[in-house]
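Work through the exercises below with the sequence and the coordinates open. Each task is followed by a solution in steps.

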Amino acid sequence: MANFKSLLLTLLVGIFFLIGIIIPKFIKKKKELTLFATGLSFIVMLGMILFDIIPEIGELLVYYPNGQKWGIICGCTALGMLLLKGLDCLIPHHHHAHHEDEKNKEEHNDHLFHIGLVTSLSLMLHNLMEGISIYVTGITNFKLGLTMAFAVALHNIPLGMEIAVGLEANHKQNKLKWITITLLTLSSLIGSSLLYLFQINMSITVEACLLCTTFGMLIYITLLELLKEIYTYRQEKMIYVGIGLGILLNIFMVML
C-alpha cells in the first residue's frame, strides 16, 4: 500500500505541470503573460539547477575518485547540451531579432515554440529521475516524500506556463504539442512506475549520468535560450515581475 501511495505522489507532481499549462488559456493579455512566464521560468530553472540538481549530483558522486567524478560530470553535461543543440536541425530556424511585420512575428512564434519543445524534452528526463526519487523517498518516509512532491509541484506550475506559452505559439504543430504535453505530464509517473512494476534498482552511476545529462540540457535552455529572450525584452516591466516572483518562489522552496 505504501508503494502505491508513493506512486500517486508522482502523478500529483505531473498534474501541477498540467495546471501551469492550463492557466494561460484563461488570460487574455498573451504578450504580458509570455514576458512574465519567461522571467519566472528563467529564475525557477536557475534555482532548480543551483539548489536541486547540483547538490544531488554532488551527493551521488561524493565517493567517486576525482577523475571519474569530473569525467561523468563534464562528459554527460556536454552530451546534454549537444543533444539540445542537435534539435536545432529538427525544429524550424528561429531568430532573436523581432519586429512588427508578419514575417518576423512568425519567426518569433517559431522561436517560442522551439523553447517550449526543448524545455519539455529536457524536463521529461529530469522528471523521470525526480519521479524515481520521490517514489523511493515516499516508500521510506511518506511524509518526507509528500513534502518533496509538494516542493517539486510548485516548481512545475511556472514551468508549465512557460511551456504552454511556447507550444501555443505555433498552431501548425497541434499534434506534436499534445503529445509533448501528455508525455511531460506523465513523465514523473513513468519513472516511478518502472520501479513499481518491475522492481528495478538503478545504479548510482546510471543515476548520476542521467542527472548530469539533464543538467547540461537545463544549462543550455536557461543560458542560451531564456536569457536571450530576457535580454531582447529587457525594457519590458513584466519580465522583472516574473523574475521577482521567481526569486520569492525559490526562497520559499529552499526554506521547505
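**Exercise 1. Locate the kink in α7 and state its angle.**

Step 1. Take the bend at a residue as the angle between axes fitted to the seven residues ending there and the seven starting there. Helices are DSSP runs (H or I, at least four residues), numbered from the N terminus.
Step 2. In α7 the kink is centred on Leu 226 and comes to about 30 degrees.
Step 3. Compare the length of the helix. The expected span is 1.5 Å times one less than the number of residues, so the 29 residues of α7 should cover 42 Å. The end C-alpha atoms of α7 are 41 Å apart, which agrees.

The model is predicted: local features need pLDDT of at least 70 and side-chain atom pairs pLDDT 80 or more, while totals for chains, interfaces and linings use all residues. Residues are numbered from 1 along each chain as its sequence is written, and side-chain values use heavy atoms, without hydrogens or water.

**Exercise 2. Find the salt bridge and say which parts it ties together.**

Step 1. Search for a side-chain nitrogen of Lys or Arg within 4 Å of a carboxyl oxygen of Asp or Glu. The whole structure yields 1 salt bridge.
Step 2. The partners are Glu 236 and Lys 31, with their closest N and O atoms 3.7 Å apart.
Step 3. Glu 236 sits in the loop between α7 and α8 and Lys 31 in helix α2, so the pair joins parts 205 residues apart in sequence.
Step 4. Check accessibility (buried is under 20% relative accessible area, exposed over 50%, partly exposed in between, with a 1.4 Å probe and protein chains only). Glu 236 is partly exposed at 28%, and Lys 31 is partly exposed at 49%.

**Exercise 3. Explain why Cys 76 and Cys 209 are not bonded.**

Step 1. A disulfide requires two cysteine sulfur atoms within 2.5 Å.
Step 2. The closest cysteine sulfur to that of Cys 76 belongs to Cys 209, and at 3.8 Å the gap is too far for a bond.
Step 3. For Cys 212 the closest cysteine sulfur is in Cys 76, 5.7 Å away, also too far.
Step 4. The search of the whole structure gives 0 disulfides. Cys 76 is buried at 13%, as is Cys 212 at 0%.

**Exercise 4. Describe the largest nonpolar core.**

Step 1. Join buried Ala, Val, Leu, Ile, Met, Phe, Trp, Tyr and Cys residues through side-chain atoms within 4.5 Å.
Step 2. The largest core has 55 residues, and Ile 57, Leu 123 and Leu 218 have the most contacts inside it.
Step 3. Helix α2 gives the most to this core, 14 residues.

Notes. Helix = DSSP H or I, 4+ residues; strand = E, 2+ residues; numbered from the N terminus.
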